[in-house]
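Reader: Please examine the structure below with me, and explain how its sheets, cores and aromatic residues are arranged.

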Amino acid sequence: MRYLPAAALLSALTATTPAAAQEAPDPARLKATVEKLVGFGTRHTLSTSTPDKPGRGIDAARGWAGAELTRIADACNGCITVANIARTFVGPRAPDGVNVVDVLGFQQGEEPTRVVIVAAHIDSRVSNEMNATSDAPGANDNGSGTALVLEAARILSKQKFKATIVYALLSGEEQGLWGGQLLAETAQQKKWTVSAMLNNDIVGNSLGQGGVRVADRVRVFSEGVRASEDLAAQIARRASGGEDDGPSRALAKAVDGIAATLPAGLDVFVARRPDRFGRGGDHEPFLKLGFPAIRFTSAVENWDAQHQDLRTENGVRYGDTPDRMDFAYLAKVTAINVATIRRLAAAPAAPTTVTLSGALSRDTSVKWEAVPGAAGYRVRWRRSDAQNWSKAVDVTTPGTVLKDVPVDDNFIGVSALSAKGDESLVTFGEREKR
């Protein structure tokens, strides 16, 4: 076993990709994409084109988005494969059933079935969730997320990665999170290893309700205890003290750290719940199946510009239009997504499990199985009264003993490293089963 010196550890923690790969997202291009999406009139999941308006509705919008992904693929010599998945869903907001279509771009990596997903829903709505005919611009909700996904594809398509990147434009979010459910169940059926799912929904405004402006941070929502865990697993996590360290929370913490390295970027507000209070998004079907998933949302929301008919009442203007957005802010949120994808897709998978032993001892034994393709591992720990990892040591083979780090007083986790120092998510250590 070889321990890396502090200087090497610091170098790995702050490693960056070549300058040529650090292209910044373009606010003007993001704005043009949002305006194009608004131009389809409505993108309601139940909307259809008509002979007199052939370019209107969600089918036209999805067709354009698929063509954009294909154009990006052509520019990288076919590095992205564009495909649709679809299923009919029936529910209170689609009583007669609706064909939900997800537009996907696959940038295949060295590991075809390990994926990093960046997603947004393309559908929109107005005040009445069943109104499929009125104009529903959906500029910020969720043209912003759709534009982000397409911009991420354009930037990241110029590089190669270990994991496969999935650029996902989902439908049916406003009717029941159906596009997210379709993709999550597809991932389960295809036996994908999902390293991360980044859901971007309402990420393009810095001016909120009542004129409150917050342009220096973005909220990232994540679960702690996993929705997929049964009672026995929840009890075990409680006994290990891992309520703040499930895979999705580990993902949110990683995003926070990555964002802090970006010049003139945004602070990440790690919101310690799955979504906004009493609300939901397309990452939740992934959580139900045990995949690490988080939601990006602007620091403040303007509810006059969400799910509203276009109108003015008592001097108040309602509607989700591009003029209420901040595209420089959206570019910064996009940059955080791109940097996160870049790191996680270049890194190996996270260790599946990490077990600890060391009761009645000053030392802690840490064990985990080898991760395919890992060049080394980072063992992290922190005092049990802290939220963020404070100390770390790198090792080249699985398993180590942390001297004078008592398990009673410390939380411990392990990540996998690539040869260039790209780091996976941290897997939280739990008590060794006997």
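Author: The questions and answers that follow treat the sheets, then the cores, then the side-chain pairs. This is a predicted model, in which local features need pLDDT of at least 70, side-chain atom pairs count only at pLDDT 80 or more, and totals for chains, interfaces and linings use all residues. Residues are numbered from 1 along each chain as its sequence is written, and side-chain values use heavy atoms, with hydrogens and water left out.

Reader: Which are the edge strands of the open sheet of eight strands?

Author: Helices (H or I, at least four residues) and strands (E, at least two) are DSSP runs numbered from the N terminus, and two strands pair if DSSP finds at least two bridges between them. The pairing in this sheet is mixed, and the strand order is β1-β2-β4-β3-β5-β8-β6-β7. A strand at the edge pairs on one side only, and the two that do so are β1 (80–91) and β7 (267–271).

Reader: Which residue of β7 is the bridge partner of Phe221?

Author: Strand β6, residues 217–221, pairs with β7 in the parallel sense over five bridges. In β7, Phe221 has as its bridge partner Ala271.

Reader: At what angle does α10 run to β3?

Author: Axes here are lines fitted to C-alpha atoms, for helices over the stretch in contact, and angles run from 0 to 180 degrees between N-to-C directions. Helix α10 lies across β3 (111–121), β4, β5, β6, β7 and β8 (293–298). Its direction relative to β3 is about 165 degrees.

Reader: Is Val270 buried or exposed?

Author: Buried means under 20% relative accessible area, exposed over 50%, and partly exposed in between (1.4 Å probe, protein chains only). Val270 is found in strand β7. Beyond its neighbours within four places in sequence, Val270 is in contact (heavy atoms within 4.5 Å) with Val220, Arg249, Ala252 and Asp256. Its relative accessible area is 16%, so Val270 counts as buried.

Reader: Which helix gives the largest share of the largest nonpolar core?

Author: A nonpolar core is a set of buried Ala, Val, Leu, Ile, Met, Phe, Trp, Tyr and Cys residues joined through side-chain atoms within 4.5 Å. The largest has 67 residues, and those with the most contacts inside it are Tyr167, Phe296 and Ile336. Its largest share, twelve residues, comes from helix α10 (residues 327–346).

Reader: How many residues does the other core have?

Author: This core lies apart from the largest one. Among its members are Leu170, Leu183, Val194 and Leu287. Its residues number 24.

Reader: What is the strand order of the open sheet of seven strands?

Author: The pairing in this sheet is mixed. Its edge strands, each pairing on one side only, are β14 (391–395) and β15 (400–402). Neighbouring strands are turned by 30 degrees against each other on average, direction ignored. The order is β14-β13-β16-β17-β11-β12-β15.

Reader: How many residues of β13 are buried?

Author: Strand β13 (residues 376–383) runs antiparallel to β16 and is joined to it by eight bridges. Five bridges join β13 to β14, also in the antiparallel sense. Strand β13 is largely enclosed by the rest of the structure, because the buried residues number seven of the eight.

Reader: Over the face of which residue does Arg382 lie?

Author: A charge sits over a ring if NZ of Lys or CZ of Arg is within 6 Å of the ring centre and within 35 degrees of the ring normal. In β16, the bridge partner of Arg382 is Phe411. At 4.5 Å from the ring centre, Arg382 lies over the face of Trp389.

Reader: What kind of aromatic pair do Phe106 and Trp192 form?

Author: Rings of Phe, Tyr and Trp (its six-membered ring) pair if their centres lie within 6.5 Å; planes under 30 degrees apart count as stacked, over 60 as edge-to-face and the rest as tilted. A search of the whole structure finds six aromatic pairs. The ring centres of Phe106 and Trp192 are 6.0 Å apart and the planes stand at 75 degrees, so this pair is edge-to-face.

Reader: How many residues apart in sequence are the parts tied together by Phe411 and Phe428?

Author: Phe411 and Phe428 form an edge-to-face pair, with 5.5 Å from centre to centre and 65 degrees between the planes. Both Phe411 and Phe428 are buried. Phe411 lies in strand β16 (residues 410–417) and Phe428 in strand β17 (residues 427–431), so the parts tied together are 17 residues apart.
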